[in-house]
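The following exercises concern how the parts of one protein chain fit together. Please work through each task before reading its solution.

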Amino acid sequence: MKKIINDPATVVVDALRGMALAHADLLEVRYDPAVVLRADAPVSRKVAVISGGGSGHEPLHGGFVGRGMLDAACPGPVFTSPTPDQVAAAVARTDGGAGALLIVKNYTGDVLNFETAGELAAADGVDVRTVVIDDDVAVKDSLYTAGRRGVGGTVLLEKIVGAAAERGVDLDGCEALARRVVGQVRSMGLALTACTVPHAGEPSFTLADDEMELGIGIHGEPGRRRVAVGTADEMVRALLEPVLEDLPFGEGDRVLLFTNSMGGTPLIELYLAHGIAERLLAERGIVVERRLVGPYITSLEMQGMSVTLLKLDDELVELWDAPVHTPALRWGV
């Protein structure tokens, strides 16, 4: 195992210390329990939007803390859920009097721990709602989930709901909006190589030089099937077709296309894949109105990519375009 770390046991805290120094103007980082907060939290009379999960998916979630997106993120150990006390601390520290919305990826530990934290916060008088995202079309049940996994759609959900909360939309409105986004977003990914979790010291699975894994999750868990590596056109088509069929998406639909690197795929390959996806969508009469390309929800150093489609309407476009100022996403500021 070759990684830029000192000790696998302290890699998350060490990374958080560096993040705090790099973005001191945007973030406040607390370590016991570990919580990443926007520097001006709490914001009075604003719904607090909070998310989190295991580390190793950076910039998700801490990189999306800031104005127009998340009020707080709770980083667990690598690929391990944050604890209820982390989430409860995030709720308490961001409570501006308008309640809190917890955005949770559908992994069993995340769901249980966020729900427990929500109950603790409710006992303290905070109105807390939870929305679970499960946009992965590849696998119904996996090592980490009951039902579909939460993957790339999480980034889009956090941006859109964060924009609404920043505008002063109340908790009922933010919750309804979040559920609408969950219902209109779908994703699927593939891996060319596995990732290595620092404390494990070896790849999470093995692939031959001529193999790729279709439908992988963000924790390195297996996908739908293992197939021979194809051309870029074949790879993108293998991801897009299940996504398009699932909602389904059809001619005339307006979409946001998110082409994501799993961590180890360089932008030259990612832009190539994105161009193919745009062409395939245009051939079906699907209108790509907004785009996001880059490593925004990763699986450590895994080589691979995912494709996410969100069906848009005027309100969602407006919220996507709204100003955001975080370490990882920044526009309109």
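**Exercise 1. Determine how many residues of domain 1 are in contact with domain 2, and describe the interface.**

Solution. Step 1: In this predicted model, the chain is divided into domain 1, residues 10-163, and domain 2, residues 185-323.

Step 2: With contact taken as heavy atoms within 4.5 Å, 33 residues of domain 1 meet 36 residues of domain 2.

Step 3: The centres of the two domains, computed over C-alpha atoms, are 23 Å apart.

Step 4: Between them, domain 1 and domain 2 bury about 2,800 Å², and 69% of that area is on carbon and sulfur atoms. Of the area that domain 1 buries against domain 2, 22% is supplied by Val137, Leu156 and Ile160, more than by any other three residues.

**Exercise 2. Identify the salt bridge and count the polar contacts between domain 1 and domain 2.**

Solution. Step 1: The count of salt bridges between the two domains is 1.

Step 2: A salt bridge requires a side-chain nitrogen of Lys or Arg within 4 Å of a carboxyl oxygen of Asp or Glu. Arg148 and Asp246 satisfy this requirement, with their closest N and O atoms 2.5 Å apart. Arg148 falls within the bounds of domain 1 and Asp246 within those of domain 2.

Step 3: Polar contacts across the interface amount to 15 residue pairs, both residues being at pLDDT 80 or more.

Step 4: On the side of domain 1 that touches domain 2, helix H4 (residues 153-166) gives the most, with 6 residues. The residues of this side comprise 18 nonpolar, 7 polar and 8 charged.

**Exercise 3. Establish which parts of the chain are tied together by the salt bridge of Asp71 with Arg38.**

Solution. Step 1: By the salt-bridge rule, the count comes to 27. Asp71 forms a salt bridge with Arg38, and the closest N and O atoms of this pair are 3.6 Å apart.

Step 2: Asp71 is located in the loop between strand E3 (48-55) and strand E4 (72-78), whereas Arg38 belongs to strand E2 (residues 34-38); the pair therefore ties together parts 33 residues apart in sequence.

**Exercise 4. Assess why the chain is as compact as a globular protein of its length.**

Solution. Step 1: The secondary structure comprises 8 helices and 14 strands.

Step 2: The radius of gyration is 19 Å, close to the 20 Å given by the globule rule for 333 residues, so the chain is as compact as a globular protein of that length.

Step 3: Along the principal axes, the C-alpha atoms fill a box of roughly 55 × 50 × 35 Å.

Key: Residues numbered from 1 in each chain as written. Predicted model: local features only at pLDDT ≥ 70, side-chain atom pairs only at ≥ 80, totals over all residues. Heavy atoms only, no water. Domains from an automatic or database assignment. Buried area = accessible area lost by both parts, 1.4 Å probe. Polar contact = N/O pair within 3.5 Å; in protein donor to acceptor, adjacent residues only side chain to side chain. Helix = DSSP H or I, 4+ residues; strand = E, 2+ residues; numbered from the N terminus. Nonpolar A, V, L, I, M, F, W, Y, C, P; charged D, E, K, R; others polar. Rg over C-alpha atoms; globule rule 2.2 N^0.38 Å.
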